[in-house]
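Let's take a walk through this model together, with an eye on its charged side chains and one of its pockets. Please have the structure open as you read.

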Amino acid sequence: QDANNSSVDNFVSWTFKKQAKFFDVVTYTGDGTTDRQIAHSVGTSPGLIIVKTTNVTDNWLVYHRGLTQQSFAGNVYTHSLALNGASAEAQTVSFRDNAQQTDSVFTLGYTGSNTNEVGKDYVAYLFAHDTASDSDIKCGSYTGNGSATNREIDIGFKPSWLMIKSASSAYNWIIIDSTRGEGE
């Protein structure tokens, strides 16, 4: 069976426009440098960064501005998630803290196979967190209330695409889009 063209399966695809204050794609080769800065053209601090090696099998490592930050060896790092897994956020030193993610660079932490190992090729998908009242993109967080009824979170507009992951528990990622409705 073909993983992306089987005649018995349904498929979904999303395309994001590479545009300032919305989305950017960056490729780079790992050099093993601690606190390496990678240039981007999002034009605002990224709210979500997904990094994946392209020439070996490794996790899809996810930085989100709402994840826990911790101090290690005198620096602050942001926990990360694995896009290809259901685990809760993990203590890693792969991404520096939110203050190091700027409108022109994102900053990696210590060298690691998932983000900056010497000689590995990487792709990084950066989603903006635009704080303007008329923005088209937000990267936020909320605390669940444990209720079986729906929880309404007002983000200021009706999103066309929404991705949700519990940071504190091992639950699957959920994607909701305006065409299909709720799904995974």
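Which side chain meets Arg180 in a salt bridge? In this predicted model, the partner is Asp177, with 2.8 Å from N to O. The two ends of the pair sit in unlike surroundings: Arg180 is partly exposed, at 38% relative accessible area, while Asp177 is buried, at 7%.

Side chains of opposite charge can pair when their charged atoms come close. Across the whole structure, a search turns up seven salt bridges. Another of them joins Asp35 and Arg96, at 3.2 Å from N to O. Asp35 belongs to the loop between strand 1 (23–29) and strand 2 (37–39), and Arg96 to strand 7 (residues 90–96), so this contact ties together parts 61 residues apart in sequence. Asp35 is partly exposed at 28% relative accessibility, whereas Arg96 is buried at 9%. Asp97 joins in too: Asp35, Arg96 and Asp97 form a network of salt bridges.

Next, find Lys120, whose side chain meets that of Asp58 in a salt bridge of 2.9 Å, N to O. Lys120 lies in the loop between strand 8 (105–107) and strand 9, and Asp58 in the loop between strand 3 (46–53) and strand 4 (61–64), so the pair links parts 62 residues apart in sequence. Lys120 is buried, with a relative accessible area of 12%.

Now for the pocket. The second largest pocket holds about 260 Å³ of space. Its lining has 13 residues, and the closest to the centre are Trp14, Phe16, Ile50, Leu83 and Trp161. Strand 9 (121–128) and strand 10 (161–164) are the elements that each give two or more residues to this lining. By type, the lining comprises 12 nonpolar residues, one polar and no charged.

Key
Residues numbered from 1 in each chain as written. Predicted model: local features only at pLDDT ≥ 70, side-chain atom pairs only at ≥ 80, totals over all residues. Heavy atoms only, no water. 1 Å grid on protein atoms, 1.4 Å probe; cavity = no way out; pocket = protein on both sides within 12 Å on 5 of 7 lines; lining within 4 Å. Points joined across faces, edges and corners; volume = space filled by probe spheres on them. Helix = DSSP H or I, 4+ residues; strand = E, 2+ residues; numbered from the N terminus. Nonpolar A, V, L, I, M, F, W, Y, C, P; charged D, E, K, R; others polar. Salt bridge = Lys/Arg side-chain N within 4 Å of Asp/Glu carboxyl O. Buried < 20%, exposed > 50% of the residue type's maximum accessible area, 1.4 Å probe, protein only.
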